[in-house]
Each structure stands twice: as structure tokens, then as C-alpha cells.
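I opened this notebook to keep track of what I looked up, one topic at a time. The sequence and the model come first, and my entries follow.

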Amino acid sequence: MLSLKDLKKLDRDDVLDLIGLETRRSTAETALPALGIFAAGVLVGVGVGLLLADKPGTQLRGDLRQRIQGGQDKLATAINNARTPEGQQGAGSTVPPGQRTT
């Protein structure tokens, strides 16, 4: 049997272990290691893909740069289109500001 001194030294996990229970794991304790393993797998996959690419490094980097620039251009265009209300005249309008067209 445990003495009073031994009981004072026990923490919550020790007491739960004595009665055959354990603390519940939080979602973060479960999800974060899984996300870390997934991210490591993605990085390894990208590295292997680059090593086995059929293009030389300079050509591959140029292609990647063009794709990224194209994506940035499409994103900027989409943002500009989203900011312009439907009824508003575009940037190439010849109507002076403050005047209505009928």
C-alpha cells in the first residue's frame, strides 16, 4: 500500500495509471504529428521529383518561374476583376469622372 508521502509525490497521470486509465489526447496532439509527417513526405516527394526530372536544372527553373509568374498574373487579374463592381466603367472609359452615361 502507498504511504501518505508516496501519495503526495503522485501526479495526475500516476493516479490515473494506478486505476488503469489515461488522460485523453487533444486534437492538436493527434493532428500535429500527422501534419508533420505529411509535410516531410511532400518535401521528400518534391526532392525526388526534381532529381528525376527530364529537364536540366536551368530549364526546369525557368519553366517553374514562368508558371509561377503566370499564376501571379492570373491572380492579380482575378483580384482586379473582383474589386470592380459590375456597373462601374472600366479603366479605359472615356467618360470623365463624376458624369453619368445614359
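Which pattern does the protein follow when it is read along the sequence? I worked from a predicted model, and in it I read the pattern as α-α-α-α. The count that goes with this is four helices and zero strands.

Entry on the surface. I looked up the accessible surface of the protein, which comes to about 9,700 Å², and noted that 59% of it belongs to carbon and sulfur atoms. Of the 102 residues in the protein, buried residues make up 2%.

Entry on the annotated region. I checked the UniProt record, an unreviewed entry, and found that it places the feature "transmembrane region" at residues 31–53. I then looked at the model over residues 31–53, where the chain is 91% helix and 0% strand, with the end C-alpha atoms 32 Å apart. For helix H3 I wrote down residues 27–51, with Leu50 found in that helix.

Entry on Leu50. Is Leu50 buried or partly exposed? I noted a relative accessible area of 46% for Leu50, so this residue counts as partly exposed, given that exposed would require over 50%. I also looked up its separation from Leu60: the two are ten residues apart in sequence, and their C-alpha atoms are 8.6 Å apart in space.

Entry on the salt bridge. How many salt bridges does the count come to? I recorded one salt bridge, and the pair that I found is Lys55 with Asp63, whose closest N and O atoms are 2.4 Å apart. I then checked the exposure of both partners: Lys55 has a relative accessible area of 35% and is partly exposed, while Asp63, with a relative accessible area of 23%, is partly exposed as well.

Entry on the negative patch. Which residues gather in a patch of negative charge on the surface? I listed Asp11, Asp13, Asp14, Asp17 and Glu22. Taking Asp11 as the one to follow up, I placed this residue in the loop between helix H1 (4–9) and helix H2 (12–18). Asp11 can belong to the patch on the score of exposure because its relative accessible area is 40%, and patch residues need over 30%.

Entry on the nonpolar patch. I found a nonpolar surface patch of about 630 Å², made by Leu2, Leu4, Leu7, Leu18, Ile19 and Leu21. Where is Leu2 placed? I located Leu2 in the segment before H1. Leu2 counts as partly exposed because its relative accessibility is 42%, and that value satisfies the cut-off of over 30% for patch residues.

Conventions:
Residues numbered from 1 in each chain as written. Predicted model: local features only at pLDDT ≥ 70, side-chain atom pairs only at ≥ 80, totals over all residues. Heavy atoms only, no water. Helix = DSSP H or I, 4+ residues; strand = E, 2+ residues; numbered from the N terminus. Buried < 20%, exposed > 50% of the residue type's maximum accessible area, 1.4 Å probe, protein only. Areas by Shrake-Rupley, 256 points an atom, 1.4 Å probe, with all protein chains shown as cover. UniProt positions renumbered as here; feature names shortened; annotations may be inferred. Patch = residues over 30% accessible without salt bridge, like charges linked within 9 Å, V, L, I, M, F, W, Y side chains within 5 Å. Salt bridge = Lys/Arg side-chain N within 4 Å of Asp/Glu carboxyl O. Lys, Arg positive; Asp, Glu negative; His and termini not counted. Charge placed at Lys NZ, Arg CZ, Asp CG, Glu CD.
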